[in-house]
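Colleague: I have a new model to read and could use some company. Can we go through it together?

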Amino acid sequence: MIHIYYGFGKGKTTAALGLGLRAKGAGKSVTLVQFFKSNKSSELNVAPFEVFEAPESIPFNPGKEYQAWVDKAVSFIEKCESDVIILDEFIDVVPDFVTLEKALELLEKECEIVITGHKEIPELFEKADYITHMDKVKHPYDRGVKARKGIEF
């Protein structure tokens with residue numbers, strides 16, 4: 001089954017990781033791949049499941065170097081045999097770094113797939129079994145408060 005958490009509200013990654021934690025507690029194997037996030041996200045310090053290593057940093061305008069990392073991540077996902085695969089911010093790499101065709105192919109895997117991101121991609125949404133829209137009503141960032149370690153990252 002395919003789960004999608006999307007939108008501009010807070011909680012997409014938190015929900016995806018919570019599902020992963022629940023699955024791990026039930027004896028399932030879980031793998032996390034995070035896109036557009038560096039290896040400094042706090043959850044990586046305690047994630048009780050396999051994590052594909054994120055880049056050291058993400059450039060403001062990602063280019064060829066980031067594309068090479070995404071290609072490695074996609075190859076890893078294709079070979080992954082976990083019961084649950086969490087693809088955090090995956091929606092946001094389609095179609096600029098992962099073609100829509102390749103994204104749809106990845107969603108055909110025989111496992112539970114959880115994807116997060118900001119935008120709606122109708123072809124991906126059509127394949128989903130669960131879709132949750134996270135809508136920002138209010139956020140401290142709007143008042144100039146920067147992301148806080150342990151809360152937003």
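What follows is a set of short questions and answers on the sheet, the rings and the charged side chains.

Colleague: Before we start, what kind of model is this?
Modeller: Every value here is computed from the atoms. The model itself is predicted.

Colleague: In what order do the six strands of the open sheet lie?
Modeller: The sheet is open, and its pairing is parallel. Its six strands do not follow their numbering; the order is 3-2-4-5-1-6.

Colleague: Which strands stand at the edges?
Modeller: Look for a strand with a single partner. Such a strand has one side left without a neighbour in the sheet. That applies to strand 3 (50–51) and strand 6 (130–133).

Colleague: Which helix packs on the sheet and touches strand 2, strand 3 and strand 4?
Modeller: Its direction makes about 165° with that of strand 2 (30–34). It spans residues 64–79. This is helix 2.

Colleague: How many bridges join strand 1 to strand 5?
Modeller: Strand 1 covers residues 2–6 and strand 5 covers residues 112–117. They run parallel. Within strand 5, Ile115 is the bridge partner of Ile4, and Gly117 stands opposite Tyr6. The number of bridges joining the two strands is five.

Colleague: Strand 4 also pairs with strand 5. Which residue of strand 5 is the bridge partner of Ile85?
Modeller: Strand 4 and strand 5 pair in the parallel sense, over four bridges. In strand 5, the partner of Ile85 is Ile113.

Colleague: How many residues of strand 5 are buried?
Modeller: Strand 5 has six residues and is mostly covered. The buried ones number five.

Colleague: Now the rings. Is the pair of Phe36 and Phe97 stacked or edge-to-face?
Modeller: The structure holds nine aromatic pairs, and we can take this one by its geometry. The two centres lie 5.8 Å apart, with 75° between the planes. An angle over 60 degrees sets the class. So the pair of Phe36 and Phe97 is edge-to-face.

Colleague: How many residues apart in sequence are the parts that Phe36 and Phe97 tie together?
Modeller: Phe36 lies in the loop between strand 2 and strand 3. Phe97 lies in the loop between strand 4 and helix 3. The pair therefore ties together parts whose separation in sequence is 61 residues.

Colleague: Is Phe97 buried or exposed?
Modeller: Its partner Phe36 has a relative accessible area of 31% and is partly exposed. For Phe97 the relative accessibility is 15%. Buried means under 20%. So Phe97 counts as buried.

Colleague: What is the angle between the ring planes of Phe52 and Trp69?
Modeller: Phe52 is in the loop between strand 3 and helix 2, and Trp69 is in helix 2, so the pair ties together parts 17 residues apart in sequence. Both residues are buried. Their ring centres are 5.6 Å apart. The pair is tilted because the planes are at 50°.

Colleague: Ring pairs also link residues into a cluster. Which residues are in it?
Modeller: Both pairs we discussed belong to it. The members are Phe35, Phe36, Phe52, Tyr66, Trp69, Phe76, Phe90 and Phe97.

Colleague: On to charges. Which residue forms a salt bridge with Glu78?
Modeller: The whole structure has seven salt bridges. In this one the closest N and O atoms are 2.5 Å apart. Glu78 lies in helix 2 and its partner in helix 3, so parts 24 residues apart in sequence are tied together. The partner is Lys102.

Colleague: Which residues share one salt-bridge network?
Modeller: Glu105 also forms a salt bridge with Lys102, at 3.0 Å between the closest N and O atoms. Those two both lie in helix 3, three residues apart, about one turn of the helix. Shared partners then join the network of Glu78, Lys102 and Glu105.

Colleague: Glu89 is buried yet has no salt bridge. Which side chain of opposite charge is nearest?
Modeller: Glu89 sits in the loop between strand 4 (84–88) and helix 3 (100–106). Beyond its neighbours within four places in sequence, its contacts include Thr13, Phe35 and His118. The nearest side chain of opposite charge is 4.0 Å away, and that is Lys37.

How values were computed: Residues are numbered from 1 along each chain as its sequence is written. This is a predicted model: local features need pLDDT of at least 70, side-chain atom pairs count only at pLDDT 80 or more; totals for chains, interfaces and linings use all residues. Side-chain values use heavy atoms; hydrogens and water are left out. Buried means under 20% relative accessible area, exposed over 50%, partly exposed in between (1.4 Å probe, protein chains only). Lys and Arg count as positive and Asp and Glu as negative; His and the chain ends are not counted. Contact means heavy atoms within 4.5 Å. Two strands pair if DSSP finds at least two bridges between them. Axes are lines fitted to C-alpha atoms, for helices over the stretch in contact, and angles run from 0 to 180 degrees between N-to-C directions. Rings of Phe, Tyr and Trp (its six-membered ring) pair if their centres lie within 6.5 Å; planes under 30 degrees apart count as stacked, over 60 as edge-to-face and the rest as tilted.
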